[in-house]
Amino acid sequence: MTEPRPSWHSNVGFLLAAVGSAVGLGNLWRFAYLASESGGAAFVLVYLAVIVLVGAPLLVAELAMGRSAREGAFRAPGRLAGRRLEWVGALFVLTGFAILSYYSVITGWTARYLVDVARGAVGRDTAARFAEAASGGAAVAWHLAAMALTVAIVAGGVRGGIERASLVLMPALFVLLIALAAWAGTLPDGGAGYAFYLRPDPARMWRLDTFTSAVGQAFFSLSLGMGAMLTYASYLQKRGSLVREGFVIALADSSVAFVGGLVTFPIVYQFGLQGQVGESTVGALFIALPHAFATLGATGQIVGTAFFLTLLIAALTSAISLLEVLVDAVVARTGWSRRRAVVLAGGATALAGVPAALDLRWLGVADRIAGNLLLVVGGLIIAILTGWIWPGADAELADGFPHPRVRRAWIWLLRVAIPAALALVLVGAVRDALGEIAAAIR
Ligand code: PHE
């Protein structure tokens with residue numbers, strides 16, 4: 001007996017769940033790191049342009065695929081574009097599996113830091129502390145705890161688990177984040193942080209690598225290119241266009257990333273920690289900020305607790321969307337009950353994450369390949385599929401655009417400009433990934 005396909009209770013529930021998927025570690029961890037690596041404000045500007053011209057249009061396409069197919073990531077491509085594209089569904093699911101395996105490891109660090117900072121147990125030598133948190137049995141244990149929490153929410157179902165959790169957690173996240181940004185605004189020496197973050201260096205804007213990392217980040221941050229958004233949209237009962245939804249999600253996601261920078265950069269500059277931020281992908285969040293919190297005593301304990309709670313909420317609501325893709329795929333493939341599928345998918349991902357918990361280099365390579373390269377590949381496929389192959393695409397989206405010209409521009413973006421841009425990015429991403437792998441092996 002197969003269970004009926006789940007659906008959202010309300011459109012707001014869907015939107016908050018989708019924003020929950022988009023807003024994640026990527027907004028606070030990857031965004032800050034890339035911005036500081038790629039020239040601060042210049043990166044921010046390029047990033048926003050990429051969101052509007054590449055991210056949001058593709059997101060609309062991905063949502064339309066899911067809603068129209070009424071199938072998740074695994075089945076939808078084949079359903080819409082015929083059997084010869086069934087492998088795309090497998091690629092989506094594999095990408096989600098790989099991302100969740102290391103995403104959960106970072107979620108585990110976050111949970112551990114939340115507990116430690118709240119107890120005031122983080123000393124000033126945060127580099128040593130991080131080295132300990134990110135290796136050995138402790139890292140594995142916290143990774144498993146994060147997976148268990150994710151499994152518990154997803155086991156509750158689309159409405160009773162994911163939607164209910166999003167309705168509570170996402171508003172809490174917004175409030176916490178704004179409070180944190182307001183507090184960061186009171187730091188006397190935060191000004192240099194704002195300057196770095198908000199004043200663009202024009203020379204950096206026109207560099208190809210700034211564009212390449214902005215595209216990779218846009219995909220990761222919007223949960224785009226592996227069918228997470230597609231799967232969420234497949235539970236929609238609403239008819240009509242998804243153009244507004246796509247842009248609302250993209251706007252909410254970029255706003256959170258932007259405000260996240262207003263939290264991170266003043267703190268980092270106030271305490272002169274800029275050197276630690278660009279050093280490694282994890283420097284800003286898990287080394288520099290905890291150091292600042294430890295320096296601040298009791299205030300740091302409160303602010304730090306709020307910060308890691310925000311981060312944990314962001315991470316969890318993204319992790320559940322990744323797990324949902326896998327669960328839906330297992331159900332589609334086997335006809336099992338949801339509960340059984342959750343246990344299998346959660347257990348397999350937990351196991352697959354162990355190497356990333358034990359070794360940061362593994363985590364870095366997995367993030368390069370799955371979190372960057374495969375998402376861009378997925379995005380390219382979505383653009384080609386909706387632009388050229390799926391016959392219903394145009395009808396599905398026809399009434400969503402305010403003006404026929406806007407719609408024509410959207411189609412042109414999808415058919416021509418976006419595939420061309422992504423092909424360019426892919427060449428760079430493959431080169432980077434090979435370099436990273438070579439460095440990790442050495
Ligand atoms: N968007 C999430 C983030 O920014 C990560 C994610 C990627 C989630 C792909 C689902 C799918 O952290």
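Tutor: A polar contact is a pair of N or O atoms within 3.5 Å; within protein, one must be able to donate a hydrogen and the other to accept it, and residues adjacent in sequence count only if both atoms are side-chain atoms. The model here is predicted, so local features need pLDDT of at least 70 and side-chain atom pairs pLDDT 80 or more, while totals for chains, interfaces and linings use all residues. Numbering runs from 1 along each chain as its sequence is written, and side-chain values use heavy atoms, with hydrogens and water left out.

Student: OK, how far is the polar side-chain atom of Y103 from an oxygen atom of the ligand?

Tutor: Y103 is one of the residues that come nearest, out of 14 around the ligand (a heavy atom within 4 Å). Its polar side-chain atom and the ligand oxygen are separated by 2.5 Å.

Student: And which residue has a backbone N or O atom 2.8 Å from a ligand nitrogen?

Tutor: Look among the nearest residues, which also include A22, G26 and S223. S223 reaches a ligand nitrogen with a side-chain N or O atom, at 3.0 Å. The backbone one is F220.

Student: How much of the ligand's accessible area does the protein cover?

Tutor: On its own, the ligand has 320 Å² of accessible area (Shrake-Rupley, 1.4 Å probe). Of that, the protein covers 100%.

Student: Which helices each supply at least two residues of the shell around the ligand?

Tutor: Helices are DSSP runs of H or I, at least four residues, numbered from the N terminus. Go along the chain and you meet α1 (11-22) and α2 (25-37). Further on, the list is completed by α11 (208-221) and α16 (297-334).

Student: Back to S223: is it buried or exposed?

Tutor: S223 sits in the loop between α11 and α12 (228-233), and has a positive phi of about 55° although it is not a glycine. Buried means under 20% relative accessible area, exposed over 50%, partly exposed in between (1.4 Å probe, protein chains only). S223 has 10% relative accessibility, so it counts as buried.

Student: What is the relative accessible area of R70?

Tutor: R70 is in the loop between α3 (41-69) and α4 (76-81). Its phi is positive too, near 55°, and it isn't a glycine. R70 is partly exposed, because its relative accessible area is 38%.

Student: Last one: which residues does T150 contact, leaving aside neighbours within four places in sequence?

Tutor: T150 lies in helix α7 (residues 136-155). With a relative accessible area of 1%, T150 is buried. Contact means heavy atoms within 4.5 Å, and the partners of T150 are L316, A319, I320 and L323.
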